[in-house]
Amino acid sequence: MGWQFSSNVASPYFCRYTAPMQTENYDIIVIGAGHNGLTSAAYLAKAGYNVLCLERRHIVGGAVVTETDLVEGFRLDTCSSYHVVINGTPVIADLELEKFGLEYLDVDPWGFAPFPNGNYIMFYRDVDRTAESIARFSPRDAAAYRAFMRRWMRFNETMMAVFCAPPTPGGMAGAVLRHELKDGRWRSLFRESLTGPAETAAMLRTIFSPYGKVIEETFESEEVRAALSWLGAQSGPGPDEPVSGELLAMQQSLYHLLGVRRPKGGSGMLTQALARCLEHHGGTVKVNQAVRRILVENGRVSGVETVTGDRYSAPLVISNAHVQTTLLKLLPEGTLRPGLRKRVKNIKVANGFGMTVRYAMDRLPNYTVLPTRNEMGEVLAGEQHRAMQLLCPSPGYLRQTYADARAGRPPEKPAVIAMTPVVVDPTLAPPGKQVLYIWAQTHPFRLSNGEDWTDIKQREADKCLQVVEDFAPGIKEAVLGQYIKSPVDLEEIGGLVGGNLMHIDMSIGQMFMFRPLPELANYRTPVKGLYLTGASTHPGGGVSGAPGYNTAHRVLSDLARTGNEPRPGLVKAGAFGLGFGLGLLASKKYKQPPRAPETE
Ligand SMILES: Cc1cc2nc3c(=O)[nH]c(=O)nc-3n(C[C@H](O)[C@H](O)[C@H](O)COP(=O)(O)OP(=O)(O)OC[C@H]3O[C@@H](n4cnc5c(N)ncnc54)[C@H](O)[C@@H]3O)c2cc1C
């Protein structure tokens with residue numbers, strides 16, 4: 001093999017690839033080993049295809065990665081940390097990822113929101129326990145939270161089915177029907193709309209409203225409003241964004257429905273397991289292999305060429321890279337018709353999203369509202385340290401961060417999520433030590449004040465740490481090492497155009513059958529054999545694996561339809577492809593290879 005293991009890690013997916021240059025042939029090439037690219041690749045390899053996955057970085061994972069060489073002895077998630085949506089997809093079970101080393105740890109409570117008035121809210125998986133915590137601020141809000149969750153958990157359980165279906169009207173309607181008819185009975189959504197038109201109208205009104213307005217109308221306590229606004233902001237759009245009510249309702253209800261989890265060993269252990277799964281099924285992963293060009297002959301893809309000049313051929317290429325990278329940079333000039341090229345260029349990416357700072361720590365933060373320091377001066381682990389620590393004192397505070405971003409400047413006072421995951425997973429730090437991960441939002445990628453991110457990233461990271469210090473005095477003294485990723489680093493290191501972790505904006509005009517554009521929404525492109533996957537596609541960003549799952553099944557469905565017979569191992573997956581295309585039938589019911597054309 002041409003693999004050379006780097007000294008500090010044991011996994012082959014952190015290697016440097018040193019094989020000699022040569023042309024190799026594959027059935028399918030996947031550009032990018034983000035978790036969605038790997039998910040697609042693993043499903044297709046499992047179906048019997050010879051799959052190659054090429055990653056530009058020295059490590060697989062994209063934004064689902066844990067790095068061990070940044071601060072010695074510490075395992076740092078340099079992007080995502082908490083996994084929610086993937087818990088509701090079939091990916092983990094279908095690909096048997098536990099066999100490949102994935103072990104999920106529950107994070108419960110999952111949210112802790114302290115406030116300057118000395119009180120706090122604790123968010124548990126259990127809605128009633130959460131409501132009890134909210135009742136300390138307002139019994140009325142506690143009841144409103146229960147009712148809100150009752151309504152939206154039912155709705156979003158159905159939305160999970162839509163996430164794992166093609167984003168066409170037929171595909172989505174089919175997914176809803178299939179879900180609602182499960183177990184032979186009408187379930188939540190239909191029962192609601194048939195028996196409660198007023199309820200349906202109220203839900204539609206929520207969906208079409210800005211989530212800030214929904215929160216203001218539903219809850220009276222400023223603290224409850226602050227915590228929910230900050231949670232609602234996690235997909236990117238601000239509280240005033242039109243038609244964003246479902247972003248809040250969905251996110252909030254999925255935390256309760258699906259739970260919050262972390263892979264043992266770090267977020268990146270998901271992608272390590274996916275890479276192992278891919279190789280187990282005969283696929284190949286190559287790191288340090290940035291694709292420079294997608295090769296196209298007579299309107300069909302024929303393979304890819306890397307920056308080192310290596311060529312790999314395949315009749316089918318799936319790109320996990322950002323949609324604009326794929327279609328504007330990797331495709332040869334002139335391949336796309338000018339009108340489409342312009343539309344791709346105009347896809348809204350948003351001017352940055354946020355920044356991360358990862359710290360190696362001597363101890364945990366000692367929160368003023370819930371102190372755990374003992375007489376020996378040690379800070380003991382408490383529930384607040386298990387949870388994501390939501391540091392955003394008021395809705396007005398959050399609105400100001402969005403106002404700063406709109407003006408093109410970093411927030412004067414950032415809203416911060418602090419995370420101390422060693423409490424859940426001691427493998428992340430040497431004994432007795434901790435990590436502190438900070439995620440802060442609304443940092444513009446392009447600055448309007450002439451400053452450069454290289455010059456200001458330490459200053460901005462210090463501001464984020466100061467927010468934690470304000471809630472947990474003395475934490476700054478416990479820092480042993482740090483790693484900062486500015487919005488520009490997110491693009492340069494991770495390929496996240498404009499620093500957007502969702503690839504493209506998650507506003508309603510770019511969701512479902514509009515993501516990334518209506519004519520590209522079914523994972524296909526106008527170039528025969530070229531498919532898109534990843535956060536640029538339905539259902540968007542976040543750790544879900546759903547785009548990867550959907551693309552794999554779109555490809556399997558197309559292969560079955562065009563008469564490219566499935567190999568023996570493909571029978572089940574090909575059958576699923578048909579079910580996927582029809583949107584109504586579950587894969588396991590099929591025994592025969594697919595024959596029928598897909599339904600759009
Ligand atoms: C800082 C940060 C924190 C986050 N926190 C969370 C969280 O806690 N929970 C959550 O659910 N989500 C979180 N997210 C969002 C989530 O991680 C991403 O939306 C998601 O992982 C995107 O996955 P993907 O596979 O679609 O794309 P990516 O992860 O972007 O993967 C694309 C891959 O393609 C590779 N690539 C690009 N161009 C080429 C090329 N030319 N040749 C070869 N390879 C190429 C890239 O290097 C990358 O590996 C976070 C993201 C970031 C950045």
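Pro 539 is found in the loop between strand 22 (530–532) and helix 18, and a good place to begin a tour of this predicted model is the peptide bond that precedes this proline. The bond from His 538 to Pro 539 is cis, with omega near 0°. A second cis peptide bond joins Asp 108 and Pro 109, where omega is about 5°. Pro 109 sits in the loop between strand 8 (104–106) and strand 9 (111–114). Another backbone feature is found at Glu 96, which is not a glycine yet has a positive phi of about 50°. The loop holding Glu 96 runs between helix 2 (91–94) and strand 8. As background to these three sites, most peptide bonds are trans, and most residues other than glycine have a negative phi.

Attention now turns to the ligand. Of the 39 residues around the ligand, those that come nearest are Gly 32, Gly 34, Gly 62, Gly 534 and Gly 541. By class, the shell consists of 19 nonpolar, 17 polar and three charged residues. Helix 1 (35–46) and helix 17 (487–494) each supply at least two residues of this shell, and helix 1 gives the most, with three residues. Where does the ligand lie with respect to domain 1 and domain 3? Domain 1 (3–65 + 267–348 + 500–569) and domain 3 (354–499) both contribute residues to the shell, so the ligand lies between them.

Helix 1 also packs against helix 18 (residues 546–561): the axes of the two helices come within 7 Å and cross at roughly 35°. The crossing of helix 1 and helix 18 is right-handed. On the helix 1 side, the contact is made by His 35, Asn 36, Gly 37, Thr 39, Ser 40, Tyr 43 and Leu 44. These residues meet Pro 547, Gly 548, Tyr 549, Thr 551, Ala 552 and Val 555 in helix 18. The residues of this contact divide into six nonpolar and seven polar, with no charged residue among them.

The sheets can be described in turn. An open sheet of four strands has the order 3-15-14-13, with mixed pairing. Strand 3 (24–25) and strand 13 (291–297) stand at its edges, and each has a single partner strand, so one side of each is left without a neighbour in the sheet. Within this sheet, strand 14 (residues 300–306) and strand 15 (residues 311–313) run antiparallel and are joined by three bridges. Val 304 stands opposite Tyr 312 in strand 15.

Another open sheet contains seven strands in the order 10-9-18-19-20-17-21, and its pairing is likewise mixed. Which strands stand at the edges of this sheet? Strand 10 (120–123) and strand 21 (479–485) take these places; each has a single partner strand, so one side of each is left without a neighbour in the sheet. From one strand to the next, the twist averages 20°. Strand 17 (residues 354–361) and strand 20 (residues 434–441) run antiparallel, joined by eight bridges. Here Val 357 has Ile 438 in strand 20 as its bridge partner.

How values were computed:
Residues are numbered from 1 along each chain as its sequence is written. This is a predicted model: local features need pLDDT of at least 70, side-chain atom pairs count only at pLDDT 80 or more; totals for chains, interfaces and linings use all residues. A residue is near a molecule or strand if its C-beta atom, placed from the backbone, lies within 6 Å of it. Ala, Val, Leu, Ile, Met, Phe, Trp, Tyr, Cys and Pro count as nonpolar, Asp, Glu, Lys and Arg as charged, and the others, Gly among them, as polar. Domain bounds come from an automatic or database domain assignment. Axes are lines fitted to C-alpha atoms, for helices over the stretch in contact, and angles run from 0 to 180 degrees between N-to-C directions. A crossing is left-handed if the near helix is turned anticlockwise from the far one by less than a right angle, and right-handed if clockwise. Two residues are in contact if their C-beta atoms, placed from the backbone, lie within 7 Å. Two strands pair if DSSP finds at least two bridges between them.
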